[in-house]
Each structure stands twice: as structure tokens, then as C-alpha cells.
Amino acid sequence: MLDVVNLSHTYGEGPNAHQALGGIDLKVAEGEMVCVVGPSGCGKSTLLRSIAGLIRPTEGQIRIRETTVADTPGDLAVVFQDYSRSLFPWMSVGDNVALPLRRRGKDRTARRAAAAEALEEVGLAAASSKFPWELSGGMQQRVAIARALAYRPSLLLMDEPFGSVDAQTREDLEDLVLKVREHHRMTVLLITHDIDESVYVGDRVVVLTRSPARVAGELSVDLPFPRDQIATRELPAFVHLRAEVGRLVRAKKESPPVQV
Amino acid sequence: MTTTVEGQTTRGMRAGLLAVLARVWLVPIAVAAWELGTRQAGSTYFPPPSQILARMYELWFSGPAAHLFLTDGALGDFLPSLARLFGGWALACVLGIGLGVALGRSRKLSGYIDPLVEFGRAIPPPTLIPLFIILFKMGTQMQVATIVYGVIWPILINTIDGARHVDRVHADTAQAFGLGRAQRLFRIILPAAGPKIFAGVRLSLSLAVILMVVSELVGSTNGIGYQLMFTQQNFDLSGMWGAIVLLGVLGFVLNASFLVVERRVLSWHRRARQTT
Amino acid sequence: MIDRRVVVRGAAGAAVLLIAAELAGRSGLIDPVLLPPMSTVLAGAAGLLADPEFLTDLWGTVIVWATGLLTAIVIAVPLGVLLGTLPRAELAARPLVEFMRPIPSVALLPLVTLLIPYDHGVKITVIVYAAVWPVLINTMYGLRDVDPVAKETLRSFGFGRLAVLARVSVPSAAPFVLTGVRLAAATGLIVAISAELVAGGTDGIGAFMIRAGSGYRTDLILAATLWAGILGLLANMLLVRVQRWAFRWHTERTGA
Amino acid sequence: MRRLRGRTFIIGVAATLALTACGSSNTGSSASGGGLEKTTISVGVLAIGDVAGLYIANKKGYFKEEGLTVKPEILQSTQFAIPKLLSGALDVALGNYFTIISATEKTNDKFRFVADTYQAKSDVFDIVVPKDSPVQSVKDLKGKKISIAGLNSIAELAVSTTLRVSGLDPKKDVTYMPMAFPQAPAALKTGQIDAAWLTEPFLTGVQKDMGARKIADTMTGAMADFPIAGWTATEDWTKKYPKTMAAFQRAILKGQQAASGDRKAIENVLPDYTQIKPEVASVINLGAYPTSLSATRIQRVADLMLEYGYISKKIDVTPLLVPLPQ
């Protein structure tokens, strides 16, 4: 599905240059949910932005379904961490969700129906005519998820999607993502700095090193579905995996700091 | 703007009345001071407002009811002036926003054009009237050109600024979902730059009144600016003051109507700012 | 600091425009009898620099403009602070401001001329009339936009209203005021030259243009127009510098 | 006095704007210069041939001989001379007779002509049309647009009398387009006006540059040798500064004499205060520079204005004239 080969990216030139990615190899299979974990500032967002075609990597290749990503691929959706800025304040919630569907060649009624369905799915059927800034943070992020759902992307990218909400909301949103991905059998690449979260929602966890980021290691998560916030986290397998991921992240923390 | 009073209680009405009063009490005082001051001075060149109003009535507002009491003179001067004003302003909006978005979104293009923009806006439009007479036809074309030239800069500069600084997450989101050029322009860039654009457009509206007058001082045979010059050259000083008052009222009304429109169009902006 | 590419591109853009204007004249697209070719205008503009009379005129414009702008700032900033901090006064004054603002100061020129027995004084007054509004409105707006949390913080430490005004409101409104000043500077130059064009006077670029016009010298009118543009350009560049410097001061102040 | 008080009051009202009202014009002390009340005077001029006498007088030192320093100030039109004279910004200004007489009737202002300056001669003010215009005579101007230098002015009067002589009604048969002389050639060339009322150097300019054709000299018949402009001051000023005025009159008279006798003298000063090129200065048509101030002559202006309805009652110009010193 997604094939990232030897991806490197350097910002700037000369003495001020900063290498964010130092040759990353990553594969995501069809229908898989992969979590990428790494310390803050390691280049996770650069990776995601490269896959989404928002920046052009200095080296390496990204292929989605055997097609090399040059510009923005037409078939993926992104959920950003900063919901207050990724939703458009001048459009109603419904319009926000329906907007990308214009590219799917749907007419107005079809777009509206799809938007309503997606909002229903995230539990916000009643909020369609409201404006994003009239909703709470968690609800706004649900709208962003609904927007991605309605788009039916072959690949869903999520950049720290639950980083800006409170703990309770965060758990609800995690379960929401698990539920909708189960329902739609979507391929998801989720980026997070939260070790617990990566184990809880992922099928597989990829750990990155500090900047310039490389793959430090990866683990398969074979926890049973459906997952539950309390029960799953109590499982010995969960505790073990969490520790493994933690070790991978931490191992690199002790390596000499790289200049920023 | 005025507090809308729900219900018919006298208390509500009184509150509404007070709110209106708080806005307008200074106006009668200022007019009275003006009246007294000019009466005291007794100068031909500074007629009291009562005399100005009488002259305005005589010149413009004593027409038949079928014409909203406007005289032929009023229709002959107001309509062409307003047509030039709105024509020039609308054209400046279209050109300014169009060019502004292009310059704001393309670093390369703005590199070539920016110095010209900076230079162009520094040239006082009245000095270009001789040039416009040559390039455009005397009369409406030249006048509209003068207005466009004079008022386009705030729109252009603000649009460039607004379009250049569209929130990165907004831009990324639009790009990630693969919105097309047109959709990105109309759904993302223009609304995001909207508050800035509106600020420029509003500024240009009051400038347009001024340039309408300036452009009508040359080679015009009608219009409020022409009236101003005509009354002045005929030493009809009440009439001249009448034209000045009329310009003030026109500017006031235009600004107020514009604010109403802006409130509607940009309600998301105002309310979003209040909630965050 | 300055990107060389920016300079090259800007120069290229200007060159293309000049060449296009020259070609339009040479090809007969624009009647050369009416509009002298660009090269003639540029030569004329260069020649004006050696003309002591024109330099006097240029200086005259600069003097009335600078004096007018400074006077406008001196009047508008305190008034803006006053109206910005007293919402009731602002509410009452608003209709008068909105009525007076759109009246073109050039229309007031004959009346002002009658009141002030001094040529530069007349021009300065109409410049002040036009330049006061952007500064006033921006100052008022800036004061209203001050972060209430910052104000409340200071109040909670027991500072009085005036202290809050001086330490929080005015500094944080400063960038808005400067934006107003930049707008006022542009307007002021336009009004200065317009007033000179309409009323003449002892000196000024506009007075020079009247003389050039009376002598049937379109080339000199355009050359003077060119200098008017350059004057405005330089003034704006200067103010942008000032604004950058002031913004830094502002952030340091609020950051401390 | 009444006006003065009023003015002071208004300055008070506009207190915020009046910061600059200080520093009146350069009033010299009366000690020097043979008892003149004022040794430096501001004089409003137009950058045209009319004021050549003043510049000749200045160049030849006639003002200096009288102990006077003259500071010329460019005016765009007589319209702006009036408020400047009233405010005291100008001591004396070039005033065209039409405008000053019109102002005298319509406002309470009292002006005085202290010297005659300029008088029309043939082909100083002509109506011209483009080379290929179908207009051959004044009659053909029916339904056309004619540019004039100002409304309610000598321009309108001159063109109107010319039209009337050819049987046209100036109010109905033509449209007057007010525009300053410098703008008229372009408007004429591009066909935005059908005819233009012009003076020098524009007349020579349009004939040379675009082959424009003269169809009428407007200063013929009733307007032959018509008085155009005189040096004007307020009545108050003439009473307050009688010696200064007399000195100004003496110097200007010498200047006028030099101008009327010697065309070269005019050509020499024109490039000093106008941007007229020297080669143009030598070929343009100039009016006359009268050396006397004659009531009979100037009365013609008021009478013709009355005849054409620019004033509503007969005005005797004699009280407006200040006799020249002998």
C-alpha cells in the first residue's frame, strides 16, 4: 500500500542546514493501522508532510499503490493535531466535511448526504449547521475525523490527532478511530509521541530515533479486538509491548544529543 | 448596531432610547455650536448651517414627490457621481483582489512587481490626471481611471498581505485533500484573507469619495465635484458648503452600509474571535 | 540581509515597464505629440535634479508634508487614546468623525486659505485634516484590541487606570498607531501635492507642475510626477524601517 | 473689522487645526525703505505672459529702487487669489477683471485694482479645432463641446460673445467643458472636445504640433483690446499700506513701460518664471501691457458682464480703481 524508501529531508542549506529525516524505510500494508512513535522534534511531522506531498523530500522515494508520490496524491486524507486551524472557521461544520468531496465529483445532494453520514458516525449529526468554533476541542477534532471519513481515502494520515485534547476526550477519540477503521477497513498511518496510545490503537508500532530520524525498530501489536480502554490496558501483553516501545524510544534518548 | 429591543415593555424601550441617545447627543450640540459660531462671525464665506440646509433644499431636495423630492439638478449630479464612484470602486475591488491574490500566492511574481506597486502607490493620483486624459477618454473614462488608480492600493496591499499569510494548516489541509486551484482560491484563500481584504476595501470606499470629487474638477459637466467647483466659481458659498455637507453625508452613509455588509459576510470572523 | 534575487527581479520588472512605455511611445501606440517618450521623461527627471528651482519646490513639499504629518500625529494620538479609553465619548464622537472623515480636504482648501494668512500653513492644515483620521482610527482600534488579560493582570497588582494605560494599553496599541502613521504619510503626500496643484503657492512639486503646465511642458509634468513617486517610495521605506524597529521594541517591552 | 472678529472666532472653533495660523507673511519693518509701511510684499502671479511687467521690473531693479522686495507666489487661478488676499497671505495678486468684479457683486469683499496689467490683442485668445475637423466657422460649432479655462470667467464671456455674433445661443447650442489650458491640447487631439479656447503658449503649440486650425479670434468686436487682468489688493490693504502701494505702483509702471516698448525684454524674463522654452517665447503672440489705469476701459468688462447676465446690476468700476501716482 504505502512504501517509503530511504527518505531523507534537509531544511535549508549551508551551515544553517538541519537534517530532519536521515533515511527512513517504512511499509504499510493494505488495511493496516501503523503508529509512528518518536521523541518530540524528531521529524515525525516532516515524515507525514512528505507522504502527504506537502513538502518534497530531498532524497528517497514514496510510493502509494506502486505510484510514486510527486505532488499531493489524490487519494489520502489528513487529520492534523491543530483542529482549530485545520477546520475552516468561515464554513459551517457540514460544509467543512463536504468540501473535499467536490473532488470526488459528487453533486451537492450527494455531498451533503455523505457529510451527514460521516457526522452521524462520529456522533455529531446535530452539529452540521454550526460553526467549528462553536464546538469544544474534542468535537472539533471529531469533525476533522468525519471529514477524513467522508472522503473515503485509501490512506488516512493522522498527525498527533489527539495531542490537543484532554485525557477523557482523548480516550473517546481513540475508540472512535478504532471503531471507524474497523468499520471501513481503512489503512491508517498515525503519528504520535504517546507510547500508550501507539500500542493501544496500532496493529504495528514503528519507533523513530531522534533527529535526523531513522527507524529505531518496530513491533507488531497482536492485541485482540475490540480493544477496551480499561481491559486492554490491563493485559500483560499490553504492558509488555508498552515497555518494549518505551525501551526503543528511550534507548536513543541516551545517545549523544544531535545539534538542532 | 442599535440594540434591538425584545418585547414591548417600557423599560426595554427606554433602554433602547438611551442607547440611541448615547450615540447621537453630540450631533445637535455640534450643529448648534456651528450655527451660533457662524452667526456670530457673520462671514459670507462661513454661512450658518441653517442657511446651508436651505440652499441644499433649494438646489436638490425641492423636487416632485415622484422623484423622491429630488430636483432635476440633484438627479443630474448625484446619479453620475454615484455611478462613477461605484463603478471605479467596484473595478478597483476586482482588479485589486485579483492581482493581490496572484501576487500574494506567487513569490516570483511579487518579486517582479512589488517595487512597481510600491512606486505606483506613492504617486499622487491628481498628478496623473493629465496622463489619464491622454490615455483614456475625457469624462467618465478618465474619472473612473482616476478613482481606480487612487483607491486600488489599500485593496491590493491588504489582499497581498492576506493571501500571503493564509494559515499554513489551512493551506496544508486544502492541499492534502487535493482541492483544485479554483476551490482553493474561492473556498480557502479568499475567505481566509477576507478580514484583511475587507479592511482594505472599506478604506478604499472613503478614498473613492475623495477621488470622485478630485476627478470631477477636470473636464466634467456634472457631478457633486462639479457642483462644488461651479458653486465656488460663482461665489455661491452656501451652495458650496451644501456640496461639502453632502459629501460628508454620502461618506457617512456609505461607511455605515458597508459595515452592515461586512458584519454579515465576516460574521464568522468576529464570532470566532470572540469565542477563542 | 537583502536577497539579491529580490533586487534583480525588482529591477527587471521596472525595466520591462520602462521599455514597454518607451515602445508604446515610439511605435505610435500613444501619440508622441501628447505624451513624450519615456526616455525624454527620464532625461527630464534627471535634469530636474540640477534645477535649483525644482529642488526648492521639492523641499517645500517635504517641509509641509513632514510638518503636517507630525502635527496630525500630535493631535490624533492623544485624541485616539482618549476616545479609545472612554467608550462613551467614542460613541458620541463617532458620527461626527464618520461625517468629517470623507470630506475631501482639497474641497476645504478655499476656506482654509481664507483663514490662514500663510501659504505653508494652509497646506499643512489640509494635510493635517486628511492625515488625522487614519492615525486617530488606528489608535482607537489598537486600544480597543488590547488583551484584557494583560490589563487585568496589572490591575490585579493594584495598578491604577493610568498606569495600565501607560504600561499596557499604549505600548500594545503602538504597532496599530504606526500602521496608521504609514497610511497617513501616504495620504499626506497626496494631499500636499494636490493642494499645491489646486492652490499653487510659494513652492512645492505641485506649484512646479503648474508652471510646467502653463509652459505646455508635459514632459516636465511627468518628470515631476516621477519624483513625487520616488519621494513617496522613500518615505514609505523609511517608515517601514521605523515600524520594524518599533515592533522589536514593542515585543521586547511586552516580553519583559 | 467684523469679518476679522469672525475669522478669529472660527480659528478658535478649529483650534486643533490652527496651530499653524501663526507666522503671517514676511512683514518687514517700516523703518527702512523711505518710510514704507512694509518692505517685503507677497505677490500672487500666474505663470503666464500677463505678469511679464512685474518680472521685468524685478529684474531691472525697479522694486529695489523703491525699497521693495517682491516675493512672487504661483497661483493656479484668480479664484485662489481672492481668499489669499482676504486672509493677508498675499498683499497684491494678479486678478482677472471678470472674476474680481463677479466677486465684488456676490460677496461683501472690497477689492481695489492698483495697476492694469494685461490687455487682449488679436490672436491672443482664439478658438481652435483639430486639423481634420469638419468645423469651418463659428456657426459649425452648434452642438459641439468647447473647452474653456473656467466657468463663470472671462473664458466663458469671450466664447459666448463670439458665438452670439455668429447667431448661436451659448446656453443651448454648445456644451462648455471646463478644463485648465494645459489639459486642453490632449483633449482636443483625442477628440474628447470639438474645439478649444486657448491662449499662448498653447495656441502656438497646438498649431505647430498637431496642425490645429484657428476658427475665431475671440478678442474682436465687443471684446477687441479687452482688459484682461490687473494688480489687485483689498481695500483694507490699500488704506493700511498707502506708501507701499504707491511704491509698488511706480515700480510696476516702469515694468509695464519696459514690457510694452520692448518685446525682447519680455522674452528674456519668460523663461525665468514659466517653463516656456526660449524658442517658443520668441514666436508666441502676446497681449498689450497698459501703462495707465483707465476707468473707461475697465468699465467695458462690467458692462459686457451685465449684458451677458454674469452680474445682475450695473457696477461702476471707478471706485474700484486706485489712481496711479504721478
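## A salt bridge between chain A and chain B

A salt bridge is a side-chain nitrogen of Lys or Arg within 4 Å of a carboxyl oxygen of Asp or Glu. In this predicted model, the side chains of R49(A) and D172(B) form one, with 2.2 Å from N to O. The count of salt bridges between chain A and chain B is one.

The contact between these chains involves 28 residues of chain A and 21 residues of chain B. About 2,400 Å² is buried between chain A and chain B, and carbon and sulfur atoms account for 64% of it. Of the area that chain A buries against chain B, 31% comes from R85(A), W90(A) and W133(A), more than from any other three residues. Four residue pairs are in polar contact between chain A and chain B. On the side of chain A that touches chain B, the elements giving two or more residues are strand 6 (76-79), helix 2 (83-86) and helix 5 (137-151) of chain A.

## The interface of chain C and chain B

Chain C and chain B meet through 46 residues of chain C and 46 residues of chain B. The area buried between them is about 4,100 Å², with 79% given by carbon and sulfur atoms. The rule finds zero salt bridges across this interface, and three residue pairs in polar contact.

Five elements of chain C, listed here, give two or more residues to the side that touches chain B: helix 1 (4-26), helix 4 (87-100), helix 5, helix 8 (161-199) and helix 10 (218-255). Helix 10 of chain C gives the most, with nine residues.

## A buried threonine in chain C

T113(C) lies in helix 5 of chain C, which spans residues 109-115. T113(C) counts as buried because its relative accessibility is 0%, and the cut-off for buried is under 20%. Apart from neighbours within four places in sequence, T113(C) is in contact with V122(C) and with four residues of chain D, namely F80(D), P83(D), K84(D) and S87(D).

## Chain D and its strand 3

Chain D has 14 helices and 10 strands. Of its 326 residues, 61% are buried. Among contacts in chain D with a separation of 6 or more, 76% are between residues 24 or more positions apart.

Strand 3 of chain D covers residues 92-96, and five of its five residues are buried, so the strand is largely enclosed by the rest of the structure. V92(D), L94(D) and N96(D) point one way from the strand, while A93(D) and G95(D) point the other way.

Strand 3 of chain D runs parallel to strand 1 (residues 40-45) of chain D, and two bridges join them. Here A93(D) is the bridge partner of G44(D). Strand 3 runs antiparallel to strand 10 (residues 227-234) of chain D, with four bridges between them. G95(D) has G230(D) as its bridge partner in strand 10.

## Nonpolar cores

The largest nonpolar core has 261 residues, and those with the most contacts inside it are L54(D), L141(D), W197(D), W231(D) and F248(D). Helix 6 (residues 119-144) of chain C gives the largest share of this core, 13 residues. A second core, separate from this one, has 52 residues, including V93(A), V97(A), A114(A) and L219(A).

Which residues does L54(D) contact, leaving aside its neighbours within four places in sequence? They are V43(D), V45(D), F63(D), V70(D), W231(D), F248(D) and I252(D).

Definitions and conventions
Residues are numbered from 1 along each chain as its sequence is written. Chains are lettered from A and ligands numbered from 1 in the order in which they are written. This is a predicted model: local features need pLDDT of at least 70, side-chain atom pairs count only at pLDDT 80 or more; totals for chains, interfaces and linings use all residues. Side-chain values use heavy atoms; hydrogens and water are left out. A nonpolar core is a set of buried Ala, Val, Leu, Ile, Met, Phe, Trp, Tyr and Cys residues joined through side-chain atoms within 4.5 Å. Buried means under 20% relative accessible area, exposed over 50%, partly exposed in between (1.4 Å probe, protein chains only). Contact means heavy atoms within 4.5 Å. Two strands pair if DSSP finds at least two bridges between them. Buried area is the accessible area (1.4 Å probe) that two parts lose on being put together, summed over both. A polar contact is a pair of N or O atoms within 3.5 Å; within protein, one must be able to donate a hydrogen and the other to accept it, and residues adjacent in sequence count only if both atoms are side-chain atoms.
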